[in-house]
Amino acid sequence: MESHIVVIDDEVDFLDSVRRGLITSGFKKVSLESDPMVIAQSLEAGKEYDIALIDITMPRLSGIELLERFKELSPQTECIMVTAIDEARVAVECLRKGAYDYLVKPISKEDLVLSLSRAIERKRLVDILDISKSNDVPSLRKPDAFAEIVTSDTLMFKILKEAELHAQSNVPILISGETGTGKELLARAIHRASTRSGKRYTPINMDALDSNLFSAEFFGHIKGAFTGAQTNRAGYLEETHRGTLFLDEIGNLSVELQGKLLRVLQDGEFIKIGASRPQQVDIRFIAATNADLEKLIVRKRFRKDLFYRLRGGWLHLPPLRQRKDDIPLLVDHFIQSADARFAPKEVTHEALVLLYNYAWPGNIRELKSVVQSAINLSQGAPIAPGHLPDHLVQKSSPRKRGVMDDGPVALQEVEKRHILKIYDQAEKNKSETARLLEISLSTLHRKLESYGVA
Ligand SMILES: Nc1ncnc2c1ncn2[C@@H]1O[C@H](COP(=O)(O)OP(=O)(O)OP(=O)(O)O)[C@@H](O)[C@H]1O
C-alpha cells in the first residue's frame, strides 16, 4: 500500500523538483497542486491524503490557513510545512497548529526523504493506536489482499486493519496464535497488501530445518564451497530479495540458528557459504509462532534480542472459540468452496448447533477438515450430526442458549444473519455495509428488501 503524498506550492519549479526527487526515491503516489484552494475544496469534499507538504507563502490561502483546514477536516493527514525564510516564530506557530515538521528551502533530497519517511512512520503508529481505541469496524484500503480471510468479528477486522498498516512499512512482523488460526493466511495477505506484492513470497517451516540444512538453504553457496558444490546456488535469502520471507514455527528454531538469523535481520546482509564478501538483501520478514515466546525467553530457549527484532509489529490471532460467530460463516465458506456438484445446500439445525458449541482446539484448520469430510459423507444431502466425527458430537459442550439455538439454519439463513449483523455494526449505513460485505449496493438493497428491512 502506497502512502498518498500531496505537495502544495505556487512555485511550479519547486513542485517539479520535489516530484522528481520523490519519484526517484521510490515514492509512487505523489500529487502536485499549485492552488491551495483546490486542495481545501477537495478536503471539504472528503478527499484524504496521508502526507501533505505545504508551502507557507501562497496567494489566495496561506500555508498556515491550509494547515488549519487539514487539521479540521482531515486530522489524520501528517503535514510538513515548507518555507523560504527560517523564522523561529513561524516554525513554532506551525508546530503548535499541528504540523509534523518544518523544512527551510532549499531542501536537500535527503532531508525531504527523511522527513517524509518519519511522517509516514508516525502516521502508521497513530493509525494503529486509533484502531485499538475505536469501537468502529475499520475499513480496509486493500480488501482484495485480505479476501481469503473470512470473518465478521470486529476484533479480527481490527487485526486485519493493523496488518494492512504494517504492510506499508518494512518492519518485521510477528504473528502469534494457536495452531490453525490462520497465521500463514495472514502472512500472505500482508505480502499482497505491501509494495512487495509483485515480488517473491517464500514460506519456510523452521521445524523442517536442522543446522546444516538451515545454512545451505538460507545462505546458498558458491561453486567449490564444499565437495559436490559444482555450481553457484542461491539460497532463500537471495531468491527472496525485495520480497517477503515467512518464517513459520519460529519458536522451534535452535538458539544457534537464531543467532544466524538475527545477524541477517540486524545488518540486512549475509555471506554465502564459501564466499568471502557479504551480500546485501532487502527482505521483509514475517515470523509466526503458536508457542509463547516470552516463556521460551525465560527458559533461555529463545533469544530476547531476536524477539524484539521480530516484533516490529505484533499481531495476535484469537482462537476460533473466542469468535464463535465466525463458525456459520466459515462453514458456509467451506461449503461454497467445495465442488458444486456434491456440495450440500444446507446444514441441519442440530449439526450447526454441534459445530457451534464445539471448542475447536485445532481452530479453523480443524473446522475446515470436519466440514470437508461432512461434505463427502453427506453426498449432497443436508449436513446432519451423523456426518460429523464422533468426538465432536461427544465433546461438544452442553447446549447453551445462543445465536444458533433459535431460528432456521439453511445457508440462506446463515447469510441473512451475517448481512444483518454487519448492517447493524455499520449503524444501518447501506453503502458502508455493502463495502464491508464486498457486494454491490443493489445486491444489498435486494437482500434487505427480501428480509423485510427496507
Ligand atoms: N479466516 C479464515 N478464513 C478462511 N480460511 C481460513 C481462515 N483462517 C484459517 N483458514 C484456513 O485454515 C487452515 C489453517 O490456516 P493457517 O495454515 O493459516 O493456520 P496457522 O495458524 O498458520 O496454523 P499452524 O500454526 O498450524 O501453522 C488453512 O487451510 C486456511 O486456509
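Begin with the whole chain in view: of its contacts with a separation of 6 or more, 71% join residues 24 or more positions apart. The model is a predicted one. Its C-alpha atoms fill a box of roughly 80 × 75 × 40 Å along the principal axes. Colouring by secondary structure will bring out 19 helices and 14 strands. Of the 454 residues in the chain, 34% are buried.

**First stop: the largest nonpolar core**

Select Ala163, Ile175, Leu186, Ile190, Ile286 and Ala287, the residues with the most contacts inside the largest nonpolar core, which has 44 residues. Next, display the elements that give two or more residues to this core: the helices α6 (154-167), α7 (183-193), α8 (211-219), α9 (236-239) and α12 (304-310), together with the strands β6 (173-176), β10 (244-248) and β13 (284-289). Helix α6 gives the most, with six residues.

Now centre the view on Ile175. Apart from neighbours within four places in sequence, Ile175 is in contact with Lys183, Leu186 and Ala187, with Ile286 and Ala288, and with Leu315 and Leu317.

A second core, separate from the one just visited, has 29 residues. To find this second core, select Phe27, Cys94, Leu112 and Leu116, which are among its members.

**Second stop: the modified position**

Select Asp55, where an unreviewed UniProt entry places the feature "modified residue: 4-aspartylphosphate". Asp55 lies in strand β3, which covers residues 51-55. Is this residue buried or exposed? Asp55 counts as buried because it has 22 C-beta neighbours inside 10 Å, and the threshold for that class is 20 or more. Add Ile8, Asp9, Asp10, Gly63 and Val82 to the selection: these are the contacts of Asp55 once neighbours within four places in sequence are left aside.

**Third stop: the ligand**

Finally, select the ligand and the 19 residues that surround it. Which of these residues are the closest? They are Val150, Thr179, Gly182, Lys183 and Glu184. Lys183 was also met earlier, as a contact of Ile175.

Colouring the shell around the ligand by class gives six nonpolar, eight polar and five charged residues. Helices α7, α13 (326-337) and α15 (363-378) each supply at least two residues of this shell. Helix α7 also appears among the elements that give two or more residues to the largest core. To end the tour, colour by domain: domain 2 (143-318) and domain 3 (321-450) each contribute at least three residues to the shell around the ligand.

How values were computed. Residues numbered from 1 in each chain as written. Predicted model: local features only at pLDDT ≥ 70, side-chain atom pairs only at ≥ 80, totals over all residues. Core = buried A, V, L, I, M, F, W, Y, C linked by C-beta atoms within 7 Å. Buried ≥ 20, exposed ≤ 12 C-beta atoms within 10 Å, placed from the backbone. Helix = DSSP H or I, 4+ residues; strand = E, 2+ residues; numbered from the N terminus. Contact = placed C-beta atoms within 7 Å. Near = placed C-beta within 6 Å. Nonpolar A, V, L, I, M, F, W, Y, C, P; charged D, E, K, R; others polar. Domains from an automatic or database assignment. UniProt positions renumbered as here; feature names shortened; annotations may be inferred.
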